[in-house]
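Colleague: Could you take me through this model? I would like to begin with the whole chain and then look at single residues.

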Amino acid sequence: MLSSSRFVVAVHAMSVLARFRGKGPVCSALVAQSVHTNPVVIRRLMTELEKAHLVRSIAGRAGGFELNRDPAQITLADVYFAVEDETVFRMHKTDPRSQCPVAAQLGQVLNAPLKAAECALHSSLAKTSIRDVASAIV
């Protein structure tokens, strides 16, 4: 199973924007340098964050990106759901008509615990804001 770093990169980028808040837009090259990635990766991620109304882009020569709201009002859950798939767990194909009881019932059995795990993830991430992250960095 593949794991994505998109969420952590997005939190990193948002924390950079939070630290520059009030000093004008931050260009993707500066954010990319901090994240150790290509500016194109940052611009693509910022597009998703902008669709979620977490950042805004400023056009022009001195343009870049800014947080769209107070960093205390942006939770890690907001960032997670802006850049990652809605569901954390994906079931493989099961066949409820299968002769194998595992194949026939696994999806049904796992539904509740996986949903509970997703809710716990959301609840945990919702307790931390971008301000919390940015201000913890000395």
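Modeller: We shall go from the overall fold to a few chosen places.

Modeller: This is a predicted model, in which local features need pLDDT of at least 70, side-chain atom pairs count only at pLDDT 80 or more, and totals for chains, interfaces and linings use all residues. Residues are numbered from 1 along each chain as its sequence is written, and side-chain values use heavy atoms, with hydrogens and water left out.

Colleague: How many helices and strands are there in the protein chain?

Modeller: The protein chain has 6 helices and 2 strands; helices (H or I, at least four residues) and strands (E, at least two) are DSSP runs, numbered from the N terminus. Along the sequence, their pattern is α-α-α-β-β-α-α-α. The radius of gyration of the protein chain is 19 Å, well over the 14 Å that the globule rule gives for 138 residues, so the chain is more spread out than a compact globule. That radius is taken over C-alpha atoms, and the rule is 2.2 Å times the number of residues to the power 0.38.

Colleague: What box do the C-alpha atoms fill?

Modeller: Along the principal axes, the box is roughly 65 × 30 × 25 Å.

Colleague: And what share of the residues is buried?

Modeller: Of the 138 residues, 29% count as buried. Buried means under 20% relative accessible area, exposed over 50%, and partly exposed in between (1.4 Å probe, protein chains only).

Colleague: Which residues of α4 are buried?

Modeller: They are Leu 76, Ala 77, Val 79, Tyr 80, Ala 82 and Val 83. Because 6 of the 8 residues of helix α4 (residues 76-83) are buried, this helix is largely enclosed by the rest of the structure. Its buried residues pack against α1 (6-19), α3 (39-51), α5 and α6.

Colleague: Now to Ser 129. Where is Ser 129 placed?

Modeller: Ser 129 is in the loop between α5 (101-125) and α6 (130-136). Ser 129 counts as buried, with a relative accessibility of 5%.

Colleague: What does Ser 129 touch?

Modeller: Not counting residues up to four places away in sequence, Ser 129 touches Pro 71, Ala 72, Ile 74 and Thr 75; contact means heavy atoms within 4.5 Å. The side chain of Ser 129 also reaches the backbone nitrogen of Arg 131 at 3.3 Å.

Colleague: Let us change topic. Is Val 35 buried or exposed?

Modeller: Val 35, which lies in helix α2, counts as buried at 14% relative accessibility. Leaving aside neighbours within four places in sequence, Val 35 is in contact with Val 9, His 12, Ala 13 and Ile 42. Val 35 and Ala 10 are 25 residues apart in sequence, and 9.4 Å apart in space from C-alpha to C-alpha.

Colleague: What about the loop after that helix? What phi does His 36 have?

Modeller: His 36 has a positive phi of about 65°, although it is not a glycine. Most residues other than glycine have a negative phi. His 36 is found in the loop between α2 (28-35) and α3, and is exposed, with a relative accessible area of 74%.

Colleague: And what phi does His 53 have?

Modeller: His 53 has a positive phi of about 65° and is not a glycine. The place of His 53 is in the loop between α3 and β1 (55-58). His 53 is exposed, with a relative accessible area of 53%.

Technical notes: Polar contact = N/O pair within 3.5 Å; in protein donor to acceptor, adjacent residues only side chain to side chain.
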